[in-house]
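I opened the model to go through its strands, its loops and its surface. My notes follow in the order in which I looked things up.

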Amino acid sequence: GLSSAQPNYHVHLGAQWNHGPITITLREIVHDTTVTVNGDNGATTGGAVTFYTTRSGVIPITNIDIGYDVLDSLRLTVGAENVFNRYPGKVNGGLVAAYQKAGFPFAAGQYANGPLGINGGYYYLKAAYRF
């Protein structure tokens with residue numbers, strides 16, 4: 001479909017705090033509004049293509065990483081990308097309904113395309129050993 005699925009701006013802010021064996025890194029990313037226009041490939045009428053607009057608002061994403069030096073050579077880290085589990089806007093309901101009416105229930109995804117992705121938060125625990 002036609003789109004301005006890439007935002008006009010991304011704001012990246014970050015801070016890191018170190019105290020002894022602890023390191024905390026915080027990153028905030030803010031994406032501008034995105035707009036996607038998709039056609040239903042004639043699914044609604046059986047011929048003419050109908051277009052549907054999906055809009056995702058400004059979405060702030062918070063990432064955090066907390067590391068602890070257990071030994072001089074071993075660091076354990078717990079963290080999260082998109083810690084608050086944010087998602088882009090949902091696909092226009094009219095497009096989803098058109099595809100369902102035409103018998104294509106999986107043709108339109110639940111969330112709009114854009115820089116955020118559709119997987120929500122990602123949480124991790126990692127260990128790093130230095131030789």
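Entry 1. I began with Ser 73 and asked whether this residue is buried or exposed. Its relative accessibility is 19%, and buried means under 20%, so Ser 73 counts as buried. I note that this is a predicted model, and the value is computed from it.

Entry 2. I looked up where Ser 73 sits: the residue lies in the loop between S6 and S7. These two strands form a hairpin, with two residues between them.

Entry 3. Which residues does Ser 73 touch, once its neighbours within four places in sequence are set aside? I found Ala 128, Tyr 129 and Arg 130 in contact with Ser 73. I also checked Phe 131, whose C-alpha atom is 6.8 Å from that of Ser 73, although 58 residues separate the two along the chain.

Entry 4. I then turned to Phe 131 itself, which is found in the segment after strand S8, residues 122-129. Phe 131 has 95% relative accessibility; the cut-off for exposed is over 50%, so this residue counts as exposed.

Entry 5. I went on to the pairing around the hairpin. S6 covers residues 59-71 and runs antiparallel to S7, with seven bridges joining the two. In this pair I picked out Ile 66, whose bridge partner in S7 is Val 78.

Entry 6. I followed Val 78 to the next strand and found that its bridge partner in S8 is Leu 125. S7, residues 74-81, is joined to S8 by eight bridges, and these strands are antiparallel as well. I also noted Arg 75, which stands opposite Ala 128 in S8. Ala 128 had already turned up among the contacts of Ser 73.

Entry 7. In what order do the strands of the sheet lie? I read the order as S2-S3-S6-S7-S8, an open sheet of five strands with antiparallel pairing. S2 and S8 are at the edges with a single partner strand each, so one side of each has no neighbour in the sheet. I looked up the twist too: neighbouring strands are turned by 10 degrees against each other on average, with direction ignored. As a general reminder to myself, strands of a sheet pair through backbone hydrogen bonds.

Entry 8. I moved to the edge strand S2, residues 10-19, where Leu 13 is placed. Leu 13 has a relative accessible area of 53%, and the cut-off for exposed is over 50%, so I entered Leu 13 as exposed. Which residues join Leu 13 in a nonpolar patch on the surface? I listed Tyr 9, Val 11 and Val 58, and with Leu 13 they have about 340 Å² of accessible area together.

Entry 9. I closed with the whole chain. I counted one helix and eight strands, in the pattern β-β-β-β-β-β-β-α-β along the sequence. Of the 131 residues, 30% are buried. The accessible surface comes to about 8300 Å², and carbon and sulfur atoms hold 58% of that area. Among contacts with a separation of 6 or more, 61% are between residues 24 or more positions apart.

Note on methods: Residues numbered from 1 in each chain as written. Predicted model: local features only at pLDDT ≥ 70, side-chain atom pairs only at ≥ 80, totals over all residues. Heavy atoms only, no water. Patch = residues over 30% accessible without salt bridge, like charges linked within 9 Å, V, L, I, M, F, W, Y side chains within 5 Å. Areas by Shrake-Rupley, 256 points an atom, 1.4 Å probe, with all protein chains shown as cover. Salt bridge = Lys/Arg side-chain N within 4 Å of Asp/Glu carboxyl O. Helix = DSSP H or I, 4+ residues; strand = E, 2+ residues; numbered from the N terminus. Buried < 20%, exposed > 50% of the residue type's maximum accessible area, 1.4 Å probe, protein only. Pairing = 2+ DSSP bridges. Axes fitted to C-alpha atoms, helices over the stretch in contact; angles between N-to-C directions. Contact = heavy atoms within 4.5 Å.
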